[in-house]
Each structure stands twice: as C-alpha cells, then as structure tokens.
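Open your viewer, switch on the cartoon display and keep the sequence panel beside it. We will go from stop to stop, and at each one you will select something and then look at what is there.

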Amino acid sequence: MSSSFVRVELKQSHAILTINREDKLNALSSSLLEELHDVIESLAKQKGLFALIITGAGQKAFVAGADIAEMKEMSPREAKRFAQKGHALCRAIEKLPFPAIAAVNGYALGGGCELALACDFIYASTNAKFGQPELKLGLIPGFGATFRLAERVGIAKARELIYTGATIDAEEAFRIGLVNKLFAPETLLQGAEESARAIAQVGPQALALAKRTLRKVQRKAITEAIPIEIKAFAKCFESEESKEGMSAFLEKRKARFTESLGDRTSESSP
Ligand code: COA
C-alpha cells in the first residue's frame, strides 16, 4: 500500500500514514495527491481499522502546502484539475468509515492545513504552525479552507486567517479550536495512537454511521460550495498577480503586487 511519497504502517486497529517528501517539506504535488488518494481508497476497504493517523515525514513539516513550483506553471484549466484532485482527496478522507486524525508535527500551511481540516480532528506538537498563506501568493485556498476552516474556528477567525495569510503557532491554533490537543513533539504520535486505541473500543458500525451522519448533517451545502471554490481558485491562474506571487516565493524574495497585475473588479469573478 505504501508508494514513493507515502508510507503506511498498519497496526492492530489503526494505520499511520506518513507523507514522505521531506526535502520539499512534504509539499503536495499532483502525483502526491494521486498517490495519497489511492492509499486512502485502499485503507477505506481495509478490514479491522478504527482510525487513520496522518502525519508528515521529518521534524519540520506536516505539509507546507500545495507544490508552488508545480502550480506556477499551471494554466487555469490545469489549476482546476489540480483543485479537483485536492478536493477528491479531502472528500475521500472525510468518507473513510473511521476517523482520521491529523498529527501535525510542524508546518501545516495552505493545502497542508486543508488536509488537516479534512481529518476528523487535529492533534499538534507544540512546534506546529498553521496558516492559509495563499493570498500572499496571489491565490486563494483551493482544497476546502473556504468552508472547512470556518467550520472549525468560526467565520470571523477564518476570514482573518485567510485575508491576512497569517501563520499562527500551535498554542493559538489550540486556543481558537483548530487543534484538539497539544503534545510535546516526541509524544505526538504516541498521543494520536492512544486516541486511536480508545476509538477501537467502540462499535465499528456505530462509528462509521456516526462519522457519516455528522458529515451529512453538517455539510448539506458542500456540493454547492466545492464548485464555487474550484472556479475561484482556477481564476487566480488567469492573472499576473499569482505568477508574481509564486515566482517571488521560488526566487526567495518579497512579492511586488500592484493593481496593474489583475483587475479585482472584473465582472467574471465568482
Ligand atoms: N511548494 C513547493 N516547494 C516548497 C513548498 C511548497 N509549498 N514549501 C517549501 N518548499 C520547498 C522550498 O522551495 C525549499 O526547496 P529548495 O530547498 O529546493 O529551495 C524546501 O522546500 C525547504 O523550504 P524553505 O523555504 O527553504 O524552508 P524554510 O524553513 O526557510 O521555510 C516555510 C519554511 C514553510 C516557512 C516556507 O517553505 C514556506 O513559506 N513555504 C510555502 C508555504 C506556502 O505558501 N504554502 C501554501 C502554498 S498554496
């Protein structure tokens, strides 16, 4: 079940999935999104599992976002496909018949924060950092933060985090309800596994039904929300602003955003 960028360890009643692209802080490329989706689909069919723990390889990052180098070259059509892949992965995690626990061991930025948000709950080490920095790249979140972040932290905090692109530390993430529990870095996985073992004591059918019901009750509007977000994300790739934002990151300099890079009053905006 493991693949080049995804490691899976099967335990008695839970599995640990590690995103393994440490040199790029586990950034989500298209192929990594596909690999993750395939692994999640296989785990969904695995008998005897009560929980899935998702974490990142190394000490520094859970996932530092979608792959900016890859996105920089995308046309709007390719960006749409990319966002669809991210959404498909997040939906597959939400549809697992058992809970997913994000064990956030460092940066969870952009698509990384969105991946954590797709999990049932988030445990974090005290050195974790969270944020949706897309606007700093001239983009908007494309893997679900426009609705999943508000579900966790309320619309006011979600707006603040998305509009400022601010990075918050683990304490702050815990305080606003984004993170369920905080752990010292060396005890994070152990804490997540203890929780997985506690979940393994409940009735498996009731667990699957509870997860499905909570999702359905909370998300009556999700089918409408997803295409709106995907359209807006893809639209960013029509502008010079996103090219400037992503180039600046890759060239390790501050972005120079000016009004001339894109028309924010455009009627074709979503
Ligand atoms: N996409 C592609 N590559 C990424 C990446 C991403 N989202 N995040 C980090 N990387 C790469 C860097 O380009 C660098 O590659 P290099 O060694 O070939 O230059 C490597 O991972 C290490 O990152 P670096 O930036 O050197 O580490 P740092 O400790 O100085 O900073 C971060 C860490 C997380 C603050 C910084 O990498 C960052 O801001 N990443 C982008 C976060 C982001 O905007 N995510 C949302 C994308 S939509």
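Here is a tour of strands, a crossover, two helices, a cavity and a few single residues. Keep in mind as you go that this is a predicted model.

**Stop 1: the hairpin**

Select residues 6-10, which form strand E1, and then strand E2 at residues 14-19. These two strands pair in the antiparallel sense, with five bridges between them. Three residues separate E1 from E2, and together the two strands make a hairpin. To see one matching pair, show arginine 7 as sticks and look across to E2, where threonine 18 stands opposite.

**Stop 2: the two faces of E2**

Stay with E2 and show its side chains. In general, the side chains of a regular strand alternate between the two faces of the sheet. Which residues sit on each side of E2? His14, Ile16 and Thr18 are on one side, while Ala15, Leu17 and Ile19 are on the other, and all of them are buried. Because six of the six residues of E2 are buried, the strand is largely enclosed by the rest of the structure.

**Stop 3: across to E3**

Now select residues 51-56, strand E3. In what sense do E2 and E3 pair, parallel or antiparallel? They pair in the parallel sense, over six bridges. You can check two places along the pairing: histidine 14 has alanine 51 in E3 as its bridge partner, and isoleucine 19 stands opposite glycine 56. To follow the chain from E2 to E3, trace it through helix H1 (residues 30-45); this β-α-β crossover is right-handed.

Next, show the side of each residue in E3. Ala51, Ile53 and Thr55 point one way and Leu52, Ile54 and Gly56 the other way, and all are buried. Why is E3 described as largely enclosed by the rest of the structure? The reason is that six of its six residues are buried.

E3 has another partner to find. Select strand E5 at residues 100-104, which pairs with E3 in the parallel sense over three bridges. Within that pairing, isoleucine 54 has alanine 102 in E5 as its bridge partner.

**Stop 4: a loop residue with a positive phi**

Go back to the loop between E2 and H1 and pick asparagine 26. Its phi is near 60°, a positive value in a residue other than glycine. Most residues other than glycine have a negative phi. Is asparagine 26 buried or exposed? Asparagine 26 counts as buried, because its relative accessibility is 0%, and the cut-off for buried is under 20%.

**Stop 5: helix H4 and the cavity**

Select residues 111-118 to light up helix H4, which is mostly covered, with eight of its eight residues buried. Among the buried residues of H4 are Gly111, Cys113, Glu114 and Leu117.

Keep Cys113 selected, since Cys113 also belongs to the lining of the largest cavity. Add Phe130, Gly131, Gln132, Leu149, Leu161, Ile168 and Leu178 to show the rest of that lining. How many cavities of 30 Å³ or more does the structure hold? There is one, and the largest cavity has a volume of about 30 Å³. Coloured by class, its lining shows six nonpolar, two polar and no charged residues.

**Stop 6: helix H11 and what comes after**

Finish by selecting residues 240-250, which make up helix H11. Inside H11, pick serine 242, which is buried with a relative accessible area of 1%. A polar atom of the serine 242 side chain lies 2.9 Å from the backbone oxygen of cysteine 236.

Then move to glutamate 244, also placed in H11. Glutamate 244 is buried, with a relative accessible area of 14%. Which side chain does the side chain of glutamate 244 contact? The polar contact is with the side chain of arginine 253, at 2.8 Å.

Your last pick is lysine 252, in the segment after H11. Phi of lysine 252 is near 55°, again a positive value in a residue other than glycine. Lysine 252 is exposed, with a relative accessible area of 78%, whereas asparagine 26 from Stop 4 is buried.

How values were computed: Residues are numbered from 1 along each chain as its sequence is written. This is a predicted model: local features need pLDDT of at least 70, side-chain atom pairs count only at pLDDT 80 or more; totals for chains, interfaces and linings use all residues. Side-chain values use heavy atoms; hydrogens and water are left out. Buried means under 20% relative accessible area, exposed over 50%, partly exposed in between (1.4 Å probe, protein chains only). Helices (H or I, at least four residues) and strands (E, at least two) are DSSP runs, numbered from the N terminus. Two strands pair if DSSP finds at least two bridges between them. A crossover is right-handed if, with the strands pointing away from the viewer, the path from the first strand over the helix to the second runs clockwise. A polar contact is a pair of N or O atoms within 3.5 Å; within protein, one must be able to donate a hydrogen and the other to accept it, and residues adjacent in sequence count only if both atoms are side-chain atoms. On a 1 Å grid over the protein atoms alone, a cavity is a set of points where a 1.4 Å probe fits but cannot get out, and a pocket is an open set with protein on both sides within 12 Å along at least five of seven lines; lining residues have an atom within 4 Å of a point. Grid points are joined across faces, edges and corners, and a volume is the space filled by probe spheres set on the points. Ala, Val, Leu, Ile, Met, Phe, Trp, Tyr, Cys and Pro count as nonpolar, Asp, Glu, Lys and Arg as charged, and the others, Gly among them, as polar.
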